[in-house]
Amino acid sequence: MKISIKRLSELSGFSPATVSNALNGRRSVSPETSEKIIRLAREHGYATKEQSKRIRLVTFRDSGEVFSDSPFFSILLESVENESRALGYETMVINLYRGQNDYEERVRELLRDTSSGILLVGTELTEETALVFLHSAAPLVLMDCWFDRLPFNSVLMDNESSVMEAVDYLVAQGHQKIGYLRGGIRIRNFQCRGRGYEWSMREHGLPVDDKYIIDVHPSIQGAYEDLKRELAAGREMPTAFFADNDMIALGAMHALTSAGWRIPEDTSIIGFDDIPFSEIATPGLTTIKVYKKELGQMAVRRLIELIRKPSAVCAKIQLMNELVLRKSVAAPCKE
């Protein structure tokens, strides 16, 4: 039997009316009082009837440029909505833009609302911008993101070891000069992928050479223009690249072929995400497949578990990826 508002009033020392107002996110209660009541309510498993049937799917955008036109996020969000519906839950999508004037007010209202659980797509979050979400009154699951020092329930993909496997494969094909097409907006996923690249290179005794690390915009058009500029300036190219995502890889392939380079004969490329465009590109893009639908499904199930049975224990659920071999990688041409 769930704890009552009367009992929460006795435990907190506040009146039943104050407790009710705090739990319903009304502004008549100070933020300090509201946070104290909400924390106590969560510790004792308080949940409203509405909470068991509603999920708020929240996207956080800082620059917004990582979301851009990538099919990755549309597939992920669709999988969340489909899984929620299949399990009898209503989904409400909320888009948060940190640059908007009412951002802080919207976040406060969101986090004080106990009427539904929250699935937060944290791809563009930093440790600093994530801190406020620790104060959610309702159960919250962080998707596509993880912070070692912050106690979130999270569902995310593997990054480091997947990139290490990709670099291992390039080395096995005979590549020694392996470059990194680095997303110019350093979201946490890209940072983790960069570590995987560096770790694998060093494991193989290969230098991480700055001349082969090129910062590009994380979109097809942006990566195309940035790499085209580098090629026109005569920058030396490695025999193979790992790219932070498929959008970058596809833009780079276009820039290279436009400049007369052959893929994979002159340079090989591996991407990350396995978006639909990757399979139909010419040549087909070797990439790291992320199980996007399963990631969304698992996040929904974890949130529902927390809605039904609140817990102070946080869990990190990490899905492994798969290296998908296509035609964009070959052994380097002998000089």
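**Figure 1. One helical turn separates the partners of a salt bridge in helix α9.** In this predicted model, Arg229 and Asp226 are three residues apart in helix α9 (residues 220-232), and so are separated by about one helical turn. The two side chains form a salt bridge in which the closest N and O atoms are 3.1 Å apart. The partners fall into separate classes of accessibility, since Arg229 counts as exposed at 53% relative accessibility, whereas Asp226, at 18%, counts as buried. A search of the whole structure finds 16 salt bridges, and the pair Arg229 and Asp226 is shown here as one of them.

**Figure 2. A salt bridge links the loop after β1 to the loop after β2.** Asp62 forms a salt bridge with Arg98, and their closest N and O atoms are 3.4 Å apart. Because Asp62 lies in the loop between β1 (54-61) and α4, and Arg98 in the loop between β2 (90-97) and α5, the pair ties together parts that are 36 residues apart in sequence. Asp62 is partly exposed, with a relative accessibility of 35%, and Arg98 is also partly exposed, with a relative accessible area of 39%.

**Figure 3. Asp266 and Arg262 meet in a salt bridge, and a network joins Asp274, Lys289 and Arg326.** The side chains of Asp266 and Arg262 come together with an N to O distance of 2.9 Å. Asp266 has a relative accessible area of 27% and is partly exposed, and Arg262, at 46% relative accessibility, likewise counts as partly exposed. Asp274, Lys289 and Arg326 are joined into one network by salt bridges that share partners.

**Figure 4. The second largest pocket has a lining to which α5 gives the most.** This pocket has a volume of about 450 Å³ and is lined by 17 residues, of which Val107, Arg108, Leu111, Val132 and His135 lie nearest its centre. At least two residues of the lining come from each of α3 (31-43), α5 (103-112) and α6 (127-130), with α5 supplying six residues. By residue class, the lining of the second largest pocket divides into seven charged, six nonpolar and four polar residues.

**Figure 5. The largest cavity is lined by 13 residues.** The structure holds two cavities of 30 Å³ or more, and the largest has a volume of about 100 Å³. Among the 13 residues that line this largest cavity, Val66, Phe72, Phe73, Asn245 and Asp273 lie nearest its centre. The elements that give two or more residues to this lining are α4 (71-86) and α8 (188-203), and α8 gives the most, with three residues. Six of the lining residues of the largest cavity are nonpolar, four are polar and three are charged.

**Figure 6. Ile220, Phe277 and Ile280 make a nonpolar surface patch.** The patch formed by these three residues has an area of about 290 Å². Phe277 is found in helix α11, which spans residues 276-280. With a relative accessible area of 40%, Phe277 is partly exposed, and this value can be set against the requirement that patches be made of residues with over 30% relative accessible area and no salt bridge.

Note on methods: Residues numbered from 1 in each chain as written. Predicted model: local features only at pLDDT ≥ 70, side-chain atom pairs only at ≥ 80, totals over all residues. Heavy atoms only, no water. 1 Å grid on protein atoms, 1.4 Å probe; cavity = no way out; pocket = protein on both sides within 12 Å on 5 of 7 lines; lining within 4 Å. Points joined across faces, edges and corners; volume = space filled by probe spheres on them. Helix = DSSP H or I, 4+ residues; strand = E, 2+ residues; numbered from the N terminus. Nonpolar A, V, L, I, M, F, W, Y, C, P; charged D, E, K, R; others polar. Patch = residues over 30% accessible without salt bridge, like charges linked within 9 Å, V, L, I, M, F, W, Y side chains within 5 Å. Areas by Shrake-Rupley, 256 points an atom, 1.4 Å probe, with all protein chains shown as cover. Salt bridge = Lys/Arg side-chain N within 4 Å of Asp/Glu carboxyl O. Buried < 20%, exposed > 50% of the residue type's maximum accessible area, 1.4 Å probe, protein only.
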